[in-house]
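Trainee: I should like to learn how the features of a protein model are read, one at a time. May we work through an example together?

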Amino acid sequence: MSKLSQKHLLGIKDITEKDIQLIFETADTFKDVLNRPIKKVPSLRDVTIANIFFENSTRTRLSFELAEKRLSADVVNFSTSTSSVKKGETLLDTVNNILAMKVDMVVMRHASPGAPYFLARHITANIINAGDGTHEHPTQALLDAYSIREKLGDVSGKKVAIIGDILHSRVALSNIFALQKLGAEVMVCGPPTLLPKYVKDLDVRVELNVKRALEWCDVANVLRIQLERQQIKYFPSLREYALYYGITKATLDSLKKPIVIMHPGPINRGIELSSDAADSAHSIILEQVENGVAIRMAVLYLLAGVPA
Ligand code: CP
């Protein structure tokens with residue numbers, strides 16, 4: 001079996017283009033499995049996986065759990081709201097207690113950037129980052145790029161605009177790394193206050209006008225305004241943001257060519273994306289979610305092949 005170059009999936013920055021292509025080829029096989037009447041394979045029988053989520057999640061958590069169960073792994077789930085973290089237990093103590101129960105792999109979401117890197121220095125189990133604060137969300141970027149490949153045939157040479165709250169987004173950074181490794185041209189677009197200073201070091205185009213960004217791109221990956229991470233006001237009001245940066249079906253219909261609309265979810269309907277745009281023929285948002293299961297099966301399967 002071919003293997004990934006890393007024993008963990010902490011960020012897209014750490015993996016190679018070859019790793020990404022291997023994940024995609026493996027996901028193709030698992031996507032075929034998921035379309036069969038019997039959607040389960042024995043690949044991870046006797047492997048125990050803990051999903052530890054210190055932050056809320058719908059898609060990522062369900063998608064990982066489903067991927068693990070489709071691979072016949074034993075699965076345990078942990079969330080902070082019902083755990084001893086509420087009594088002051090540390091991250092390392094929490095994880096070491098879970099590992100003492102003979103867990104082989106850990107899927108972790110945490111609000112602090114770098115939390116999975118910290119764990120990787122202290123434990124031997126394979127770790128998959130399911131989103132660390134505003135830093136990276138590697139499996140989201142993989143499923144996004146995979147969905148572009150499925151829709152447009154290839155990622156290489158495609159123009160992808162990432163639009164919205166770049167400053168607070170882990171999806172943006174992981175997408176930039178993945179798309180560049182796969183040979184796409186990347187643009188970020190949003191109000192200047194929502195573009196991080198480090199963007200100038202990432203070799204991406206920067207555009208402040210959303211109509212110009214949409215005219216340029218083949219694919220627009222529209223990001224959520226992350227109000228829960230905003231301690232100060234970055235724009236006057238949501239109404240004004242929707243007016244200047246919100247994408248509607250009318251905007252899409254006014255473009256010279258059709259483009260593909262993506263969103264990692266959850267969508268703030270009527271703010272960054274109107275319902276008629278999110279649910280239009282341009283949108284592949286639910287295909288992204290469907291592909292997430294195959295991509296996560298591929299990542300789990302390939303990492304399990306690397307000795308811990
Ligand atoms: N895309 C994504 O990470 O969604 P959740 O926060 O619901 O997992």
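The dialogue that follows treats the sheets, the helix contacts and some individual residues.

Mentor: A note on provenance comes before the features. This is a predicted model, in which local features need pLDDT of at least 70, side-chain atom pairs count only at pLDDT 80 or more, and totals for chains, interfaces and linings use all residues. Residues are numbered from 1 along each chain as its sequence is written, and side-chain values use heavy atoms, with hydrogens and water left out.

Trainee: How should I read a sheet, and in what order do the four strands of the open sheet stand?

Mentor: Strands of a sheet pair through backbone hydrogen bonds, either parallel or antiparallel. Strands (E, at least two residues) and helices (H or I, at least four) are DSSP runs numbered from the N terminus, and two strands pair if DSSP finds at least two bridges between them. Here the four strands follow the order β2-β1-β3-β4, with parallel pairing. β2 (74-79) and β4 (126-132) are the edge strands, each pairing on one side only. The twist from one strand to the next averages 15°; angles run from 0 to 180 degrees between N-to-C directions, and axes are lines fitted to C-alpha atoms, for helices over the stretch in contact.

Trainee: How many bridges join β1 to β2, and which residue stands opposite Asn-51?

Mentor: Six bridges join β1 (residues 48-53) to β2, and the two strands run parallel. Asn-51 faces Asn-77 in β2, while Thr-48 has Asp-74 as its bridge partner there.

Trainee: Is β1 enclosed or open to the surroundings?

Mentor: The term to apply is "buried", meaning under 20% relative accessible area, as against exposed (over 50%) and partly exposed (in between), with a 1.4 Å probe and protein chains only. Six of the six residues of β1 are buried, so this strand is largely enclosed by the rest of the structure. Thr-48, Ala-50 and Ile-52 point one way from β1, whereas Ile-49, Asn-51 and Phe-53 point the other way.

Trainee: What does Val-103 touch?

Mentor: Contact means heavy atoms within 4.5 Å. Not counting residues up to four places away in sequence, Val-103 touches Thr-48, Ile-49, Ala-50, Val-76, Ile-98 and Ala-125. Val-103 lies in the loop between α3 (91-99) and β3 and is buried, at 10% relative accessible area. Its C-alpha is 9.6 Å from that of Asn-126, 23 residues away in sequence.

Trainee: Which strands does helix α2 lie across, and how is its crossing with α11 described?

Mentor: Helix α2 (residues 59-70) lies across β1, β2, β3 (105-110) and β4, at about 165° to β2. Its axis and that of α11 (residues 285-304) come within 8 Å and cross at roughly 55°. Angles under 35 degrees count as roughly parallel, over 145 as roughly antiparallel, 65 to 115 as roughly perpendicular and the rest as oblique; α2 and α11 are therefore oblique to each other. The contact residues divide into seven nonpolar, three polar and four charged, where Ala, Val, Leu, Ile, Met, Phe, Trp, Tyr, Cys and Pro count as nonpolar, Asp, Glu, Lys and Arg as charged, and the others, Gly among them, as polar. Among the residues that meet are Phe-64 and Leu-66 of α2, and Val-289 and Met-297 of α11.

Trainee: How are α1 and α5 placed?

Mentor: The axes of α1 (residues 17-34) and α5 (residues 138-152) come within 11 Å and cross at roughly 70°, which makes α1 roughly perpendicular to α5. Their contact residues comprise seven nonpolar, no polar and four charged. Helix α5 also lies across β5 (159-163), β8 (219-222) and β9, at about 160° to β9.

Trainee: What is the strand order of the sheet of five?

Mentor: This open sheet has the order β7-β6-β5-β8-β9, with parallel pairing. Its edge strands are β7 and β9, and neighbouring strands are turned by 25° on average, direction ignored. β6 and β7 pair over three bridges; Cys-189 has Glu-207 in β7 as its partner.

Trainee: Which backbone details deserve notice at Ser-72, Asp-203 and Pro-266?

Mentor: Ser-72, though not a glycine, has a positive phi of about 70°; this residue lies in the loop between α2 and β2 and counts as buried at 18% relative accessibility. Asp-203, also not a glycine, has a positive phi of about 60°, but is exposed, at 72%. The peptide bond from Gly-265 to Pro-266 is cis, with omega near -10°, and Pro-266 lies in the loop between β9 (260-262) and α10 (275-278).
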